[in-house]
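Please look at the two chains below before reading on. My notes deal with how they touch and how some helices pack.

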Amino acid sequence: MKDRFSSLRNGQAAPLDKIPKTTDVALFMDSVAAKVQQGWRLSNLFGRRTASGNVTLTVILSDDKEGRLWIGTTEVGSNFPSLTPRCPQAHLFEREIFEQFGCEPKGHPWLKPVRFPSSPHSKTIPGDTPFFQMEGEEVHEVAVGPVHAGIIEPGHFRFQCHGERVFHLEIQLGYQHRGIETMLEKAAPARLPFIIESIAGDTVIGHSLASAMALESLSGAHVSPRAEALRGVALELERLANHVGDIGAMGADIGFVPTSAYCGRLRGNFLNMLMELSGNRHGRGLVRPGGVAFDLPPSMAESFLVQIKNTKKELDEVLDLFFETPSVFERLDGVGSVSMKTCKELGLVGPAARACGQDQDVRKDHPFGIYRFHHIPTMTAEEGDVYARATVRRFEIAHSFEFLIDQIQSLPAGAVRSVCGPLAKESLGVSLVEGWRGEIMHVVITDKEGHIARYKVKDPSFHNWTGLAMALRIQQISDFPLINKSFNLSYAGHDL
Amino acid sequence: MWKLLKTHFHQGYRTIDYPKGPVEFPDRFRGRPTVDGSKCADGCTSCAQACPTGAIQPGSPPVLDLGKCLFCQECVNACPANAITSTKNHKMAARKRSDLFISSSEMKLAAALDEKARKLFGRSLKLRHVAAGDCNGCAAELIVTNIVTFDLSRFGIQFVASPRHADGILITGPVTENMRLALQKTYEAVPAPKLVIAAGACALSGGPFIGSPEIHHGADSTVPVDLYVPGCPPHPLTILDGLLRLLDRLPKT
């Protein structure tokens, strides 16, 4: 059955004609389902209109134990047998394929649009469609959004409640849809990095790194060890900023204001280091195909080490206070649990998956760049609740600090940027990055001229939003902000 | 309890001196660019060609639209004559879209509201944030204006939960087709007189997404805008500067 798929490593490319194509769609779907059953993860499933006008589905399965990505394709007509009933991981991917290409996954249990693009298949906007409803005496619906109470992105949340208790939550996104994938296929190459950096503004480094790696795989560009190390430094600074900020925000949501105030400020230390390095607090303009655009001179490296050590000292105290305060534990423990079974079924990624006990991290499973040489221990918890997600982040903060100190002390010498030449023709390049939310995947497919024919972006949020919905089951509706913050998923990264 | 007090003591007072004291930015900070047309060679269009968003009209001097500018420095790097340079200046909010077209080191910064409006909003301004397709970069910096470092609330400015409680809205994002109706409704829900502030390249012009058929290229496509704050995303101090100019709360120099 393996000949239905060919394998690539993270950051590699292959000519399209070397990727197996299964003629029988049903057989193809059977093989995918069987492989997922055996423990591979559905990392991507997307459509592409070929030059002949047909739609090709490409599946990318992650074999995390072997560090391989298995890729297979099949051609579909106006419909195909849905994978979702036996492989729930596929549910949103199949909805996306239906929305983008009009190919119906037959047997999909909840075939709604994903992002409501304004053309060509739909004129409706998100929220203007039926929602899953529960029947029963005194059952009521609560509708929230798209404009929320806080400073946050737009999305619509529809709760089915009995009293305060939530039985079901349906999350309808798409409000942030900017047409990114279509733009990436049409934009001039020089404009590409700027669109990529605005996929999700809190994951600038994660996405720009994934994009650079995919493009480098297609052009055969060499990235110097120094550039690899600096990319790692930037990626961990981004992780630190977001993890620290989110723990602060969880403090705010449970009314433990000190942590909120301290972490809110300390998060800025990491953003300010990114600004020192790149001129922008979010690291825009730093990662570019071929390397990085800014070097870390010795004086700045020294200053970074001092800043990192000082911030670590302060943060240790702040996090100890948070995690050792009984009233905090009481509010986080047992709230918003996701079981390991659900986690596996939905294919959750990142800290949300690790909090359920899933030992999975791109930096370990599909090591790239500097992570091939510097191994970061994977931190897991068992309970899958808010406390577990907070704890996983706490220990990831500690590991990122170790990584930063180690790397900045021993940066390799050399240039930081090389030329990323023209892309290989009729090929597929794929890259995975462990962003702070989890697995980011970029897939670039080129045409006969070496132009981008299909650019598939997958933010970790694409997997994890359904995890949030499941975490709300049989919870108090008033705990929604807290549970939501423990995931802190990207609306923009999902909506593209 | 002791642990909490000890931590609090160690944290100390962390709000910056701004606007009374000076503000510092690192050397590589990319603030408002300046243009010196006297250095331009005849017919040179390097800057305009390098710009990813088409923010520059070539000419002598070239005209740079801060509303479209991503502050990426591609023009600065492309210019053979150093006619465009980046500065550490964070001040660039304007009342009119046309004031964002710059062709020198000068620009017309935002003027204060008229006296009547200042009486209403000058000491207490409540805003509702509407993200209309932003990537969460601008929203993140808005949140930062609230943290202890910048402490927006000391100026009487606050983000509130409902448009009904607000004196105005602050819009980020290019206004996606899918958010347009929600933005209109939020705007209508704010009692008059009301203010509209657009922050970030997306909300000013569409920014990195200029040309996408899914967006409306800025907040003023849908509602009238009173203050434009450039940046991708704007630095928290750029946002603060704009708000304080509007309310005439900056110290007179």
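The points below take the chain contact, then two helix pairs.

1. Ground rules. This is a predicted model, in which local features need pLDDT of at least 70, side-chain atom pairs count only at pLDDT 80 or more, and totals for chains, interfaces and linings use all residues. Residues are numbered from 1 along each chain as its sequence is written, with chains lettered from A and ligands numbered from 1 in the order in which they are written.

2. Chain contact. Chain A and chain B each put 50 residues into it (contact: C-beta atoms, placed from the backbone, within 7 Å). On the chain B side, α1 (2-11), β6 (125-131), α5 (137-145) and α6 (177-189) each give two or more residues (DSSP runs numbered from the N terminus: helices H or I, at least four residues; strands E, at least two). That side has 28 nonpolar, 15 polar and 7 charged residues (nonpolar: Ala, Val, Leu, Ile, Met, Phe, Trp, Tyr, Cys, Pro; charged: Asp, Glu, Lys, Arg; polar: the others, Gly among them).

3. Helices in chain B. α5(B) packs on α8 (residues 236-246) of chain B at about 70°, axes 9 Å apart (axes are lines fitted to C-alpha atoms, for helices over the stretch in contact; angles run from 0 to 180 degrees between N-to-C directions). The pair is therefore roughly perpendicular (65 to 115 degrees). B:E141, B:L142, B:V144 and B:T145 of α5(B) meet B:P236, B:I239 and B:L240 of α8(B).

4. Helices in chain A. The axes of α5 (residues 204-219) and α6 (residues 225-253) of chain A come within 8 Å and cross at roughly 145°. A:I205, A:G206 and A:L209 of α5(A) touch A:R231, A:A234, A:L235 and A:E238 of α6(A).

Terms used. Two residues are in contact if their C-beta atoms, placed from the backbone, lie within 7 Å. Angles under 35 degrees count as roughly parallel, over 145 as roughly antiparallel, 65 to 115 as roughly perpendicular and the rest as oblique.
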